[in-house]
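Subject: Helix packing in a model for you

Hi,

Here is the structure I promised to pass on. Have a look at it first, and then read my notes underneath.

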Amino acid sequence: MCIRDSISGLLYTVPSLAAFALLIPVTGLTLATAIIPLVLYNQLVLIRNTAAAVNGIDPLLIEVGWAMGMKPQQALFRVTLPLALPVIVAGVRIATVTTVGIAALASLVGQNTLGDLIFQNLAVYDPDAIAAGAILIAVFAIVADLLLLALQVALNRGRSALSVA
């Protein structure tokens, strides 16, 4: 485990609501207050999945590329990344679903999101509107995940079905 995983793991332990609260004195009620936690929360997932994808490539396959006369950069773009892409897309899927869920909390810092439907109706206790907001956010996350799953399957090109998570 390297230092980048440790730092991103540490950032991931801060609850998203607390991250918004910590940023308000610095950035105010701006779009940056909503975007910074979204980026920070996705770093851990994206870093770990990308590292796992690249480290999971059989070194013999890279050596075959070199034996065919590929330079290291060519082996990276023609061997390593194409083989790692399905796992990287799996990380993007996880990051996307996480982002949709956390983005709903951006309503608390003055940004217009689907979370408005939930948080504005908590004050007047309108359970139907609260449920509608939660269902819309869940449907949005599921549709985004299914679209990225279709992309992941398309990128898998003939590999075993076990590599699609």
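The notes below cover one bent helix and then three helix pairs.

This is a predicted model, with local features needing pLDDT of at least 70 and side-chain atom pairs counting only at pLDDT 80 or more, while totals for chains, interfaces and linings use all residues. Residues are numbered from 1 along each chain as its sequence is written, and side-chain values use heavy atoms, leaving out hydrogens and water.

Let me start with H5, residues 72-103. (Helices are DSSP runs of H or I with at least four residues, numbered from the N terminus.) H5 has 32 residues, yet its end C-alpha atoms are only 39 Å apart, where a straight helix would reach 46 Å (the expected span being 1.5 Å times one less than the number of residues). There is a bend of about 50° at Leu85, with Pro86 following within four residues; the bend is the angle between axes fitted to the seven residues ending there and the seven starting there.

Leu85 and Pro86 also belong to the contact of H5 with H7, where contact means heavy atoms within 4.5 Å. H7 spans residues 127-156, and the two helices pack at about 175° with axes 9 Å apart (axes are lines fitted to C-alpha atoms over the stretch in contact, and angles run from 0 to 180 degrees between N-to-C directions). The pair is therefore roughly antiparallel, the label for angles over 145 degrees. On the H7 side, the residues include Phe140, Asp145 and Gln152. The contact divides into 15 nonpolar, 3 polar and 2 charged residues. Here Ala, Val, Leu, Ile, Met, Phe, Trp, Tyr, Cys and Pro count as nonpolar, Asp, Glu, Lys and Arg as charged, and the others, Gly among them, as polar.

H5 has another partner in H4 (residues 59-67): their axes come within 9 Å and cross at roughly 145°. Leu61, Ile62, Gly65 and Trp66 of H4 meet Pro72, Ala75, Val79, Thr80 and Leu83 of H5. That contact has 7 nonpolar, 2 polar and no charged residues.

Finally, H2 (residues 16-27) and H3 (residues 31-55) cross at roughly 135°, their axes coming within 9 Å. Among the residues that meet are Phe20 and Leu23 from H2, and Ile36, Pro37 and Tyr41 from H3. By class there are 9 nonpolar, 3 polar and no charged residues.

Best wishes

Methods. Parallel < 35°, antiparallel > 145°, perpendicular 65-115°, else oblique.
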